[in-house]
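Colleague: I'm new to this one, so could you walk me through it?
Modeller: Sure, ask away once you have it on screen.

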Amino acid sequence: MEHSNPSPMQCNISISILILLAVFSAFSSATAETHHHQFVVQATPVKRLCRTHSIITVNGQFPGPTLLVRDGDTLVVKVINSAPYNVTLHWHGIRQMRTPWADGPEYVTQCPIQPGASYTYRFTIENQDGTLWWHAHSKWLRATVYGALIILPKLGVPYPFPEPKQDIPVLLGEWWNRDIISILRQARFTGAAPNVSDAYTINGQPGDLYKCSSQGTTKFHVKSGETVLLRIINAALNQELFFTVANHMLTVVGNDAAYNKQFTTRVVMLGPGQTTNVLLAANQPSGHYYMTASPYHSAQNAPFDNTTATAILEYESASCTSKNVSVSKPLMPIIPAYNDTATVTAYTSQIRNLGSKQGKTVPTRMDENLFFTVGLGLVNCFPGPRCQGPNNTRFAASMNNVSFLLPRRTSLLQAYYQNIPGIYTTDFPPVPPVTFDYTGNVSRALWQPRFGTKLYKLKFGSNVQIVLQDTAIVSTEDHPIHLHGYHFYVMAQGFGNFNPRRDTAGFNLVDPPLRNTINVPVGGWAVIRFVADNPGVWMMHCHIDSHLAWGLAMAFLVENGEGELQSIEPPPPDLPPC
Ligand code: C2O
């Protein structure tokens, strides 16, 4: 069973989300509710780009089911693994206060749910609202195992903008014509870069610029004059994406479940992991307009999928009058060039936090001043089939020259909680082991990282600043860095090497964006701050899964505090064994 699109000829259109909303408010009398869901992970045959193959889905749906909750609610999701692979699910952006056991990254907070087994994720949403999402966090299964997680404000709390007429999740994805696990296996074997995708998708459909795809093209129906809320989620595995709608300006109101000061733009750019809420006013002549998802690709000499996914924004009157008339071709927007970093920078620099309950105050007195390089690397190896990277190498990636290895015997969180020795060390370097011209011409001697499972320990409540610095090793590249269990302020971003004397003066202490995933600019840096108020083991990694597989990750170990609600809860009884 797949998401069915409303028929183009249908005139009284109801978006399923609206119905859900109505049902939801009808029986939400109490302030906080508990929502029970069952997610069956299974292999499902799906036809795209002229061929059918089996993908892993949740409940046979692609994209997976939308979770709709309110701030303060509790989610209880029983995951039953009927697929032939190990799996875990991650609730991307949910803070998981004291419930790290429900966070999901395999071998970090839990062992994977094996085929035939199940695990129930249980967590409460505390002071967060906006658009988040859920996805598999095991191998590359998130290529097809993902869905929206929409958090409405608490009952009676309005949005900081007029209530939109419709609420439309727009999930951007990436499609391969082959089983994604075999693509990963092949890349792991050869050491070369993985095959690029065959298409991008919008709500699971590539759209009619691809062969055999016009039938299924996603359509969104709007009425002339109404304003709708698009909840855009970049669920693509390996690609940062531009999003545009022909002839329509987009008013950006939120990012990663934090409200921002409104601004309008023609183009939005999202790294994998990021979400952006935009208001779209249907104020154009009645007709059909393309929405597009197209690549932003900043690495040099690296192959990528240079295609464009489309969906169609259809004005209701246009669909009604066109009954027997062949529908005119939708209008195409102007799409930025794949390497248009100037557009990305101009867009990003406009995002400012609106300030809210989430806002609190920006930490100023720092307890931890960390500086992490983020980038690729190459491992020299013996020429042969397992050494097919550039010049007989294998690709790798690292933070501060440590290429992250997941443990196998148990998860990091269990090892910490149960004092199991030999699983990890806590000597992740606070600064790069060697200082060099990070974005300049880097000596080959510095291209090969070390491998390890190194954590960085944080005292409960400490104020943490991290400079994330891209490197020119192999190639500079924009990296979407995601921190689990937290959101953070983005104090500043820039190009070249971070220079504390020059760049600290430019920190935004007034209205810095609050995010869970930050794009570190290509050949540049970003500075983030957060208060370590959530104990547990929290991964920080590049959300481009090919980079994650190469080791572009680390984890924080945040110790318990002294107070009553400052310790992690005990593990649930059904926590999967390794
Ligand atoms: Cu959305 Cu560790 O991931």
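Modeller: Before we start, a definition: two strands pair if DSSP finds at least two bridges between them. Also keep in mind that this is a predicted model.

Colleague: OK, which residue in β2 stands opposite glutamine 42?
Modeller: Strand β1 covers residues 34-48, and β1 pairs with β2 in the antiparallel sense over eight bridges. β2 itself spans 51-58. Within β2, the residue facing glutamine 42 is threonine 57.

Colleague: Which strands stand at the edges of that open sheet?
Modeller: The sheet has four strands, in the order β2-β1-β4-β6, with mixed pairing. An edge strand has a single partner, so one side of it is left without a neighbour in the sheet. Neighbouring strands here are turned by 20° against each other on average, direction ignored. The two at the edges are β2 and β6.

Colleague: Moving on, which residue's side chain joins that of tyrosine 85 in a polar contact of 3.1 Å?
Modeller: Tyrosine 85 is in the loop between β4 (74-81) and β5 (89-92). Leaving out residues up to four places away in sequence, tyrosine 85 touches Ile56, Ile113, Pro115, Leu141, Asp179, Ile181 and Arg185. From that list, the side chain in the polar contact belongs to aspartate 179.

Colleague: Which residues of helix α2 are buried?
Modeller: α2 runs over residues 180-190. In general, an α-helix has 3.6 residues a turn, so residues three or four places apart point the same way. What covers the buried residues of α2 includes β21 (393-399) and α7 (545-549). The buried ones are Ile180, Ile181, Ile183, Leu184, Ala187 and Thr190.

Colleague: And what phi does glycine 191 take, just after α2?
Modeller: Glycine 191 comes right after the end of the helix. Its phi is positive, at about 80°.

Colleague: Now for charges: how many residues apart in sequence are the parts that arginine 95 and aspartate 533 tie together?
Modeller: These two form a salt bridge, with their closest N and O atoms 2.7 Å apart. Arginine 95 counts as buried at 11% relative accessibility, while aspartate 533 is partly exposed at 24%. Arginine 95 sits in the loop between β5 and β6 (118-124) and aspartate 533 in the one between β30 (524-531) and β31 (536-542), so the distance along the sequence is 438 residues.

Colleague: Is arginine 98 buried or exposed?
Modeller: Arginine 98 meets glutamate 126 in a salt bridge of 3.2 Å, N to O. Glutamate 126 is partly exposed at 32% relative accessibility. The cut-off for buried is under 20%, and arginine 98 comes in at 14%, so the word is buried.

Colleague: Which residues are joined into one network by salt bridges that share partners?
Modeller: The count of salt bridges comes to 14. One of them brings together the side chains of arginine 502 and aspartate 503, at 2.8 Å. The network made by shared partners consists of Lys457, Lys459 and Glu559.

Colleague: Last one: which residues does methionine 366 touch, not counting those up to four places away in sequence?
Modeller: Methionine 366 lies in the loop between α4 (341-348) and β20 (368-380). With a relative accessibility of 17%, methionine 366 counts as buried. The residues it touches are Asn463, Val464, Gln465 and Arg529.

Notes: Residues are numbered from 1 along each chain as its sequence is written. This is a predicted model: local features need pLDDT of at least 70, side-chain atom pairs count only at pLDDT 80 or more; totals for chains, interfaces and linings use all residues. Side-chain values use heavy atoms; hydrogens and water are left out. Contact means heavy atoms within 4.5 Å. A polar contact is a pair of N or O atoms within 3.5 Å; within protein, one must be able to donate a hydrogen and the other to accept it, and residues adjacent in sequence count only if both atoms are side-chain atoms. A salt bridge is a side-chain nitrogen of Lys or Arg within 4 Å of a carboxyl oxygen of Asp or Glu. Buried means under 20% relative accessible area, exposed over 50%, partly exposed in between (1.4 Å probe, protein chains only). Axes are lines fitted to C-alpha atoms, for helices over the stretch in contact, and angles run from 0 to 180 degrees between N-to-C directions.
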